[in-house]
There are 2 protein chains.
Amino acid sequence: MGRPTINDLAAEAGVSLATVDRVLNGRAGVREATVARVNEAIERIGYVRDPFAASLARRRDFRVLAFVPDGDGQFLGEVRAAVQKTAISLLSDRVVLDLELFRPDPHVFAARLGAIDPEDVDGVILMAPETPHLRDAVRHLRERGVATAAIISDLPNSRVDYFIGINNLNAGRTAASLLGRFLGPGPARIAVIADTLTARDSLDRRLGFDRVMAEDFPEIEVLPTVEGRGDPQGLEAALRNLLRSFPDLRGVYSMGGGNRLLLEFLARSGLTPRPRVVVHELTPTTRQGLQTGQIDAVITQDLGHILRSAIRRLRAGRDNRPILQEQERIRIEILVRDNLY
Amino acid sequence: MGRPTINDLAAEAGVSLATVDRVLNGRAGVREATVARVNEAIERIGYVRDPFAASLARRRDFRVLAFVPDGDGQFLGEVRAAVQKTAISLLSDRVVLDLELFRPDPHVFAARLGAIDPEDVDGVILMAPETPHLRDAVRHLRERGVATAAIISDLPNSRVDYFIGINNLNAGRTAASLLGRFLGPGPARIAVIADTLTARDSLDRRLGFDRVMAEDFPEIEVLPTVEGRGDPQGLEAALRNLLRSFPDLRGVYSMGGGNRLLLEFLARSGLTPRPRVVVHELTPTTRQGLQTGQIDAVITQDLGHILRSAIRRLRAGRDNRPILQEQERIRIEILVRDNLY
DNA sequence: ATGGACATGAGGTGCGCACCTCATGTATGC
DNA sequence: GCATACATGAGGTGCGCACCTCATGTCCAT
């Protein structure tokens, strides 16, 4: 009743099991013509490798290294925690997922990637900003047969094998859609807060946000972006300035970090009516903000899902298996107080 | 390097492989004291069955039957489609998922469940309203060793093994949270539409909805529920009546089916300003409603996720494995035009 | 012709487990 | 004390695959 096995495949291709094995596992010493015959037979009988049996026989786990920036933003903390949790849950799937932190120095990071031994590592997951060094390091990894997946932020110029994350343009659109509806008809002024607008993600979000605001909520005036740049005092001062110029502020869209400070500032400012607040990423701060009512909506992505998806793709690629597009789509999730999990 | 195997387990328990096998697979002919010894050894060395190897050796797929009502609501269509898609994607996981439709007659349905051969079927997934017949049939299934999972609607009195779906009280709360925010401050009248309020799901949603409205949006007046009862003309008439009495209607919460008719009605009525509309379940109609702007938000659940989760639980139960709570939580998803996938 | 490089086949082993048979041991009732 | 029922062990087989060794065959350059 079952699917075809390598035995069926060998028979169909008219070669021995050994040759099938050589072709399937990319070992050397097979004529091109023979490889082609096997591949045709694969197509013909619809052979797909049984990943269970394979990993059983391989007697070796699927090893993945996840690189996440070392740093103290809450979101980074969430990512690191998600990697660790996912690692545990994937152990029973014969996947060993290791977390590795890296410091910003691009040389050091690229060197670390270059030192990866393809014998030890099947795939690499990267949450990292794109730099020329990284681009070269990724290319080098590919050449040595280590698959790469970018998560959360794409690395569009690094020819990474996969990107797993949300579409940030649509995330920005979603934020605008919500904030616009929350504010209702009539003119209003809203602020946009970002860590920095140089990051690709923030640019995309801002772009999507502005488009929807312009198209659907023309009466809403979006003030120039307040950039935090990881400097609490600077952000505080900028916010204070903003509020002095626009005491009628009715909404805030926060695209990145700094939410803790933002919420504290808003609480202190005692603005009435309370401004509508839409932020990104579920963290302890934003979770609490939802619960206390300081935040109206959080736009987020399921980190566990992202990591599992990344690993499924790396594995599927290695086994030359197709993936289920549908299951791998990363949703832009909207959380309010009442659907918080 | 690896996890303990049955060999380690046998050694630890001081019994043979045969006995370990008998205990693990619940075969008869083992003294209680011996069973206990094996189970203690399992605890001690932390043995967990390797599900891959097991299903390989079992030479038999995990067979699941999914029962979905035969009927022509769009949501039912989505559920059936999701079952079929999931079935395909799970084939490579050695899971055979079959879809079976049933007609409303509780006798016939219960008889069908009673006729299930435990030799053929490992688990049953049910999307069905609870009836006394069903309750008995589920109990009977359990007794014969067939695990059962209710999806979407719980069967609280049927002692089903698992329920996989959203918390409808929170779903109702979420709807109210959104609709209340969309309407902004000030008094407003809103309508609630339901197929029927006798279904447990609708009751829960309504309850959650009312609570949040009362607590957070006291100025909003929730009109009595309009019940469709699967009768298009009746619904149409009721809506017309409602609008005659309350021409200042500003919001609509639709808890179940009938959205197609509702949207047509609202379009024809030309209400200004356009009422804010929050509905449940993503269907072709509600998807289009989001895109055209007739619907502000859809509250939904990922059917593929629900089905995969149900199967993971049935399998984990059979193999006596723990599940990852986190991964199995079914989210109450909020969709607006811009995060539609 | 001869050696060497390369392509292929034959066949075995074991991964962790389920499932089966048969033999042997032990307690129980009469 | 003997038949009987039951508990347990020993050992084998195969699932689909990866990985390994060794033998044999084919072709080419010299």
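Are D338(B) and R173(A) buried or exposed? Both are buried (under 20% relative accessible area, 1.4 Å probe, protein chains only; exposed is over 50%, partly exposed in between). This is a predicted model: local features need pLDDT of at least 70, side-chain atom pairs count only at pLDDT 80 or more, and totals for chains, interfaces and linings use all residues. Residues are numbered from 1 along each chain as its sequence is written, chains are lettered from A in the order in which they are written, and side-chain values use heavy atoms, without hydrogens and water.

**Interface**
- 41 residues of chain B contact 41 residues of chain A (heavy atoms within 4.5 Å).
- The two chains bury about 3,900 Å² (accessible area, 1.4 Å probe, lost on being put together, summed over both).
- F52(B), R181(B) and D338(B) lose the most area on the chain B side, together 20% of what that side buries.

**Salt bridges between chains**
- Chains B and A share twelve salt bridges (a Lys or Arg side-chain nitrogen within 4 Å of an Asp or Glu carboxyl oxygen).
- D338(B) pairs with R173(A) at 2.9 Å, N to O.
- D338(B) sits in the segment after β12 of chain B, and R173(A) in helix α8 (residues 168-183) of chain A.
- R94(A) and D50(B) form another salt bridge, at 2.4 Å, N to O.

**Salt bridges within a chain**
- R312(A) meets E328(A) at 2.8 Å, N to O.
- R312(A) is partly exposed at 27% relative accessibility, whereas E328(A) is buried at 5%.
- R27(B) and D21(B) pair with their closest N and O atoms 3.0 Å apart.

Methods:
Helices (H or I, at least four residues) and strands (E, at least two) are DSSP runs, numbered from the N terminus.
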